[in-house]
Amino acid sequence: MGRLRTAVQTLADLELDCDDLLTHLDDLVQRLAGEAAPENRDTVGATCLYALYDPVARRCALASAGHPVPVLVPCDGRARPVDLSPGPPLGVGGMPFETVTVDLAPGSVLALYTDGLIKGDDGDTDAGLRRLTDRLAACCRPGRPLEEIGRALLADLDDHPPRDDIALLLVRTRAVPAESVADWEFPAHPASVADAREAATRQLAEWGLDDIAFSTELVVSELVTNAIRYAGGPIGLRLIHEDVLVCEVSDPSNTQPRLRRARTTDEGGRGLFLVAQLSTRWGSRYSRRGKTIWAEQAVGPGPDELMFSSVLPF
């Protein structure tokens, strides 16, 4: 499990789609099983549920490898299991995984859990899922602390100890306000670099972020210049301001950007190095229309991060 956890963190940093990530994990588990002693190969395996939430679009993508489907509680309190068809557990191989996308309004609660929570003495997981859904509908109220909700959900287990270990993770979503997002599109022309810098500077002034305007200008300039030089247009620029400032530049190319060490006599090759030095984090993700390179800068304290509660009672 430690090796799988490290692999998930590494693959998540690559910002793969949910089904692609599970496919890579499935290949890894098959290799681990092949390396194990013959008497232990049948014990090498796991289930996995992977979810990726976009607080700007307010959408959550999910894929499951043999793991129980999560339960969604919207703000209206009408709890329901997510309409998701789990694929085979990790290590089976040869079968595809399915990604589903659901819209999540701010304040929605998503419950992720292991099957020990819904497996009763009769082994009827469908009945257990219905009980969990009903309990979530009764317990989840807007503003109620997630720790309190978790304890209420598990209180019924005192009289009926489960036969299996239980892990419960509750997540309450929030969204980035529309006024905290600004985006533009530019043609693949050298003059677009100055236009992008000007647009970013003007927006930072509206947000009161003049103290990081210089560094953001450099980040925007380098990323837009690289997109014009290596990818072509149209080029998208998006700024997201919350507890951090995220600068995203999109282009139609799928070429992987690489950080390299430029020699003293080189006239170029320092763009991503400057971006890395001016940012707390940076990375890239891919879509059907190309790629997006993003860079994150600290802007001081802001709204609370995504609230969550983990309850591991057994």
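User: How do α6 and α7 run relative to each other, roughly parallel or roughly antiparallel?
Analyst: In this predicted model, the axes of helix α6 (residues 213-230) and helix α7 (residues 271-278) cross at roughly 150°, and because angles over 145 degrees count as roughly antiparallel, α6 and α7 are roughly antiparallel to each other. Their axes come within 9 Å, and α6 passes α7 in a left-handed crossing.

User: Which residues make that contact?
Analyst: From α6 the contact takes S215, L218, V219, E222, L223 and N226, while α7 supplies G271, L272, L274, V275 and L278. Sorted by character, the residues of this contact of α6 with α7 comprise seven nonpolar, three polar and one charged.

User: And α5 with α6, what angle do they pack at?
Analyst: The angle between α5 and α6 is about 150°, and their axes lie 9 Å apart, so these two helices are also described as roughly antiparallel to each other. The crossing of α5 and α6 is right-handed.

User: Which residues meet there?
Analyst: On the α5 side they are S192, V193, A196, R197, A200, T201 and L204, and they meet A213, T216, E217, V220, S221, V224, T225 and I228 of α6. Within this contact of α5 with α6, eight residues are nonpolar, five are polar and two are charged.

User: Switching to the sheet, what order are the strands in?
Analyst: Five strands form an open sheet, and they follow the order β8-β9-β10-β12-β11 with antiparallel pairing. Strands β8 (181-186) and β11 (281-287) stand at the edges, where each has a single partner strand, so one side of each is left without a neighbour in the sheet. From one strand to the next, the twist averages 15°.

User: Which helix packs on the sheet?
Analyst: Helix α5 (residues 191-207) does, touching β8, β9 (235-241) and β10, and the direction of α5 makes about 165° with that of β8.

User: How many bridges join β10 to β12?
Analyst: Eight bridges join strand β10 (residues 244-251) to strand β12 (residues 290-298), and the two strands run antiparallel. As one example of residues facing each other, E248 stands opposite W294 in β12.

User: Last one: is H241 buried or exposed?
Analyst: H241, which has its place in strand β9, has a relative accessibility of 17%, and because buried means under 20%, H241 counts as buried.

User: What does H241 touch?
Analyst: Leaving aside residues up to four places away in sequence, H241 touches S180, W207, L209 and V299.

How values were computed. Residues numbered from 1 in each chain as written. Predicted model: local features only at pLDDT ≥ 70, side-chain atom pairs only at ≥ 80, totals over all residues. Heavy atoms only, no water. Pairing = 2+ DSSP bridges. Helix = DSSP H or I, 4+ residues; strand = E, 2+ residues; numbered from the N terminus. Axes fitted to C-alpha atoms, helices over the stretch in contact; angles between N-to-C directions. Contact = heavy atoms within 4.5 Å. Parallel < 35°, antiparallel > 145°, perpendicular 65-115°, else oblique. Left-handed = near helix turned anticlockwise from the far one by under 90°. Nonpolar A, V, L, I, M, F, W, Y, C, P; charged D, E, K, R; others polar. Buried < 20%, exposed > 50% of the residue type's maximum accessible area, 1.4 Å probe, protein only.
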